There are 2 protein chains.
Amino acid sequence: MSLKLFYAPGACSLAAHIALREAGADFELARVDLAGGEQHSEAYRSLNPLGRVPLLATERGSLTEAPAILAWIAQTWPEAGLAPLDDPWALAQVLSFNNYLSSSVHIAFATLFRPQRFADGDEAAAAMKAKAPETLDQLFTIIDRKIGRGSWVHGADYTTSDLYLLVMTRWLKRVGHDLNRYPALISHAERTLTRPAVQAAFEAEGIRFA
Amino acid sequence: MSLKLFYAPGACSLAAHIALREAGADFELARVDLAGGEQHSEAYRSLNPLGRVPLLATERGSLTEAPAILAWIAQTWPEAGLAPLDDPWALAQVLSFNNYLSSSVHIAFATLFRPQRFADGDEAAAAMKAKAPETLDQLFTIIDRKIGRGSWVHGADYTTSDLYLLVMTRWLKRVGHDLNRYPALISHAERTLTRPAVQAAFEAEGIRFA
């Protein structure tokens with residue numbers, strides 16, 4: 001199977017990248033120059049009209065949206081054990097958590113990184129940036145309480161939720177948020193960072209955790 | 001199996017509600033008084049710390065996030081044919097579309113309905129409300145082009161993406177957006193509205209399409 005992951009260093013595409021390495025998949029990386037606006041080019045928009053990463057190009061076509069790419073990788077390489085495929089309820093909990101990261105946590109970061117996506121004007125941008133820390137604190141407090149109960153997000157087994165969460169924890173650290181408020185999150189990140197697939201993905205993207 | 005769906009009339013919980021009826025599931029409805037702030041009560045937050053609908057309470061615990069609830073329903077009642085369960089690639093496309101509705105389309109509506117979630121102050125709220133129509137047009141134009149190619153969102157078969165899209169199309173109509181810009185979307189909504197499960201859910205929630 002020929003696979004190409006369109007990514008930007010450290011973007012949420014990093015979750016798909018780590019998952020491909022955890023799965024032992026054979027894939028190519030294609031860096032998208034977000035700062036240069038390559039995601040808005042006609043060539044890229046023909047693959048993803050929304051102009052975002054990640055995008056996974058396969059022989060059957062393109063797949064977008066991080067939680068969907070993660071679900072497909074988990075199902076296509078079942079031996080990697082990235083999701084509880086035999087238990088629909090447990091699998092739905094993985095999807096639920098990943099969707100929470102995508103539609104609440106990532107969006108809170110987006111109001112900080114790209115406020116112009118939601119409103120025009122400097123004042124609105126400043127108001128969104130001012131609100132984001134409070135929202136992020138609410139969202140990560142919920143996560144911290146949840147993972148406090150187990151080794152990994154969903155308990156005993158490492159899943160796509162763990163590698164996806166690491167990407168969001170990294171963003172939280174990089175925006176200067178005080179991570180000491182979330183002790184379970186810190187220990188989760190430390191544990192996740194020891195995985196060879198995570199380290200290989202960071203190295204390939206030329207990024208560090210902090 | 002004992003199931004209770006926590007919902008608010010016409011909210012995105014409507015997608016889970018329709019899916020339960022499509023599946024022929026036996027379930028109870030529990031209305032959450034969003035205007036009265038019931039979602040912020042201690043009782044409700046013990047079920048969903050984020051204080052949102054939908055929430056599906058089952059004998060195994062609670063499940064949140066619309067795309068995850070839809071995936072669980074599709075997998076638990078396979079005979080309803082709500083998702084291509086035997087084809088991981090096609091299934092991932094359903095997840096991808098549902099995630100697009102959740103993390104892009106729903107969020108665009110949220111900046112219109114609940115701008116205070118993203119920023120404080122009347123000016124920021126006004127700026128977000130001013131921007132939303134342009135974003136919604138971009139997002140629904142992408143959808144209109146996609147469904148233009150088939151009877152349903154993903155082609156020949158009705159899936160959870162279709163009933164979830166109907167909920168978003170209804171919101172688009174109710175905010176006064178000109179639906180005539182999206183001919184495939186209009187015909188999709190008309191077709192979806194003929195389904196008995198959709199009609200029963202609308203009646204049970206006491207809502208109409210327009």
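Which residues have the most contacts inside the largest nonpolar core? In this predicted model, they are A:F140, A:I143 and A:M168, along with B:F140, B:I143 and B:M168. The core they belong to has 131 residues. Taking one of these residues as an example, B:M168 touches B:C12, B:L101, B:V105, B:H106, B:F109 and B:F140, leaving aside residues up to four places away in sequence. B:F140 thus turns up on both counts, as a contact of B:M168 and as one of the residues with the most contacts in the core. There is also a second core, separate from this one, with 14 residues; among them are A:A110, A:A119, A:A124 and B:A124.

Turning to the sheet, chain A has four strands arranged as an open sheet, in the order β2-β1-β3-β4, with mixed pairing. The edges are taken by β2 (28-31) and β4 (61-64) of chain A; each has a single partner strand, so one side of each is left without a neighbour in the sheet. From one strand to the next, the twist averages 25 degrees. On the β2 side, β1 (residues 4-7) of chain A pairs with β2(A) in the parallel sense, over four bridges. Within this part of the sheet, A:K4 sits opposite A:E28 of β2(A).

As for the helices around the sheet, α3 (residues 66-76) of chain A lies across β3 (55-58) and β4 of chain A, and runs at about 115 degrees to β4(A). The other chain joins in here too: α4 (residues 88-113) of chain B packs on the sheet, where this helix touches β3 and β4 of chain A. Its direction makes about 45 degrees with that of β4(A). So much for the sheet; two individual residues round out the picture.

B:D162 is found in helix α6 (residues 160-174) of chain B. This aspartate is buried and yet has no salt bridge. The nearest side chain of opposite charge belongs to B:R191, 6.4 Å away, while a salt bridge is counted only within 4 Å. What B:D162 does touch, not counting residues up to four places away in sequence, is B:W152, B:V153, B:D157, B:H188 and B:T192.

A:Q116, by contrast, is partly exposed, at a relative accessible area of 47%. This glutamine belongs to the loop that runs between α4 (88-113) and α5 (122-147) of chain A. Its C-alpha atom is separated by 19 Å from that of A:S102, a residue 14 residues apart from A:Q116 along the chain.

Conventions: Residues numbered from 1 in each chain as written. Chains lettered and ligands numbered in written order. Predicted model: local features only at pLDDT ≥ 70, side-chain atom pairs only at ≥ 80, totals over all residues. Heavy atoms only, no water. Pairing = 2+ DSSP bridges. Axes fitted to C-alpha atoms, helices over the stretch in contact; angles between N-to-C directions. Contact = heavy atoms within 4.5 Å. Core = buried A, V, L, I, M, F, W, Y, C linked by side-chain atoms within 4.5 Å. Buried < 20%, exposed > 50% of the residue type's maximum accessible area, 1.4 Å probe, protein only. Lys, Arg positive; Asp, Glu negative; His and termini not counted.
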